[in-house]
Amino acid sequence: MFNDKLNIHLRKTKVSDLESLFRFQLDPDANYLAAFTSKDPTNKSAYLEKYTKLLNDPTVNNFTIVVDGIIVGSVAKFVMEGNAEITYWIDKKYWKKGITSYALKHFLAIETTRPIFARVAFDNFGSRRVLEKCGFVKIGTDRGYANARQLEIEEVIYRLDNF
């Protein structure tokens with residue numbers, strides 16, 4: 001349940017945020033649910049190199065989610081195969097508190113590219129709920145290789161036209 005007393009805000013991601021964001025994606029449960037992760041999520045130098053480049057990419061709009069002064073996650077827009085897509089990652093300690101939905105709604109007010117798409121592992125029901133709360137509509141499915149699971153799985157494709 002969302003706690004109205006939490007001070008949640010978004011700010012542009014800085015290189016200094018990457019250390020915290022890297023630690024979040026090391027969690028095995030989070031990796032499993034995200035499914036479509038890097039081949040080696042423990043490779044810190046590769047992570048920092050990739051995300052430092054992305055912070056300088058004009059097609060990427062990356063924000064850090066801060067709660068009560070603590071970095072708890074990130075949300076971003078990127079372009080894949082010509083389509084704007086969103087991604088987000090929240091520290092597992094902050095799951096099920098309404099923070100992700102709140103952050104995504106505020107991000108979508110800042111990032112106005114439409115349509116915007118999202119893809120999520122078929123069994124990541126928490127993330128699917130977040131997307132649906134924010135107005136995304138399921139438009140189909142696809143299959144892809146999930147590094148975190150070492151097998152091909154189904155992913156659900158969502159689209160948002162208006163906000």
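Select valine 72 in this predicted model and display its surroundings: leaving out residues up to four places away in sequence, valine 72 touches Phe24, Ile65, Val67, Trp89, Ile90, Asp91, Tyr94 and Ile99. Valine 72 belongs to strand 3. Its relative accessibility is 0%, so valine 72 counts as buried. Add lysine 93 to the selection and draw a distance between the C-alpha atoms; valine 72 and lysine 93 are 21 residues apart in sequence and 8.4 Å apart in space.

**The end of strand 3**

Follow strand 3, residues 70-80, to the loop that leads to strand 4, residues 83-90, and select glutamate 81 there. The backbone of glutamate 81 has a positive phi of about 55°, although the residue is not a glycine. Is glutamate 81 buried or exposed? With a relative accessible area of 75%, glutamate 81 is exposed.

**A second residue with positive phi**

Move next to the loop between strand 6 (137-146) and strand 7 (151-160), where glutamine 150 lies. Glutamine 150 is likewise not a glycine, and its phi is positive at about 60°. Its relative accessibility is 54%, and glutamine 150 therefore counts as exposed, since the threshold is over 50%.

**Strand 5 and the loop before it**

Select proline 115, which is placed in the loop between helix 4 (99-110) and strand 5 (116-121). Display the backbone from arginine 114 to proline 115: the peptide bond is cis, with omega near -5°.

Continue into strand 5 and select alanine 118. The relative accessibility of alanine 118 is 2%, so the residue counts as buried. Which residues does alanine 118 touch, not counting residues up to four places away in sequence? They are Ile86, Leu131, Phe136, Val156, Ile157 and Tyr158. Among these, Ile86 can be shown together with strand 4, which spans residues 83-90, while Val156, Ile157 and Tyr158 can be shown with strand 7, which spans 151-160.

For a view across the model, measure from alanine 118 to threonine 52. The two residues are 66 apart in sequence, and their C-alpha atoms are 22 Å apart in space.

**Helix 3**

Select helix 3, residues 44-55, and go to leucine 55. At 21% relative accessibility, leucine 55 counts as partly exposed; the cut-off for buried is under 20%. Leaving aside residues up to four places away in sequence, leucine 55 touches Thr13, Lys14, Val15, Leu18 and Asn62. One of these, Leu18, lies within the range of helix 1, residues 18-24.

A long distance can be drawn from leucine 55 as well: leucine 151 is 96 residues away along the chain, and the C-alpha atoms of the two leucines are separated by 30 Å.

**Helix 1**

Now select glutamate 19, which is found in helix 1. Its relative accessibility of 34% makes glutamate 19 partly exposed. What does glutamate 19 contact beyond its neighbours within four places in sequence? Glutamate 19 is in contact with Lys44 and Leu48. Both numbers fall within the 44-55 range of helix 3. Glutamate 19 and lysine 44 are 25 residues apart in sequence, with 8.7 Å between their C-alpha atoms.

**The whole chain**

Clear the selections and colour the model by secondary structure. The protein has five helices and seven strands, which run β-α-α-α-β-β-β-α-β-α-β-β from the N terminus on. The radius of gyration is 15 Å, close to the 15 Å that the globule rule gives for 163 residues, so the protein is as compact as a globular protein of that length. Taken along the principal axes, the C-alpha atoms fill a box of roughly 40 × 35 × 30 Å.

Colour next by accessibility: buried residues make up 42% of the 163 residues. With the surface displayed, the protein exposes about 9,000 Å², and carbon and sulfur atoms supply 53% of that area. Among contacts between residues at least 6 apart in sequence, 64% join residues at least 24 apart. To view the charges, select the 24 positive and 20 negative ones; their mean positions are 4 Å apart.

**The annotated region**

Finally, select residues 8-160, the range that an unreviewed UniProt entry annotates as "domain: N-acetyltransferase". Over this range the chain is 31% helix and 37% strand, and the C-alpha atoms at its two ends are 23 Å apart.

Key. Residues are numbered from 1 along each chain as its sequence is written. This is a predicted model: local features need pLDDT of at least 70, side-chain atom pairs count only at pLDDT 80 or more; totals for chains, interfaces and linings use all residues. Side-chain values use heavy atoms; hydrogens and water are left out. Helices (H or I, at least four residues) and strands (E, at least two) are DSSP runs, numbered from the N terminus. The radius of gyration is taken over C-alpha atoms; the globule rule is 2.2 Å times the number of residues to the power 0.38. Buried means under 20% relative accessible area, exposed over 50%, partly exposed in between (1.4 Å probe, protein chains only). Contact means heavy atoms within 4.5 Å. Accessible areas come from the Shrake-Rupley method with a 1.4 Å probe; for residues, only the protein chains shown count as cover. Lys and Arg count as positive and Asp and Glu as negative; His and the chain ends are not counted. The place of a charge is taken as NZ of Lys, CZ of Arg, CG of Asp or CD of Glu. UniProt positions are given in the numbering used here, feature names are shortened, and annotations may be inferred rather than shown by experiment.
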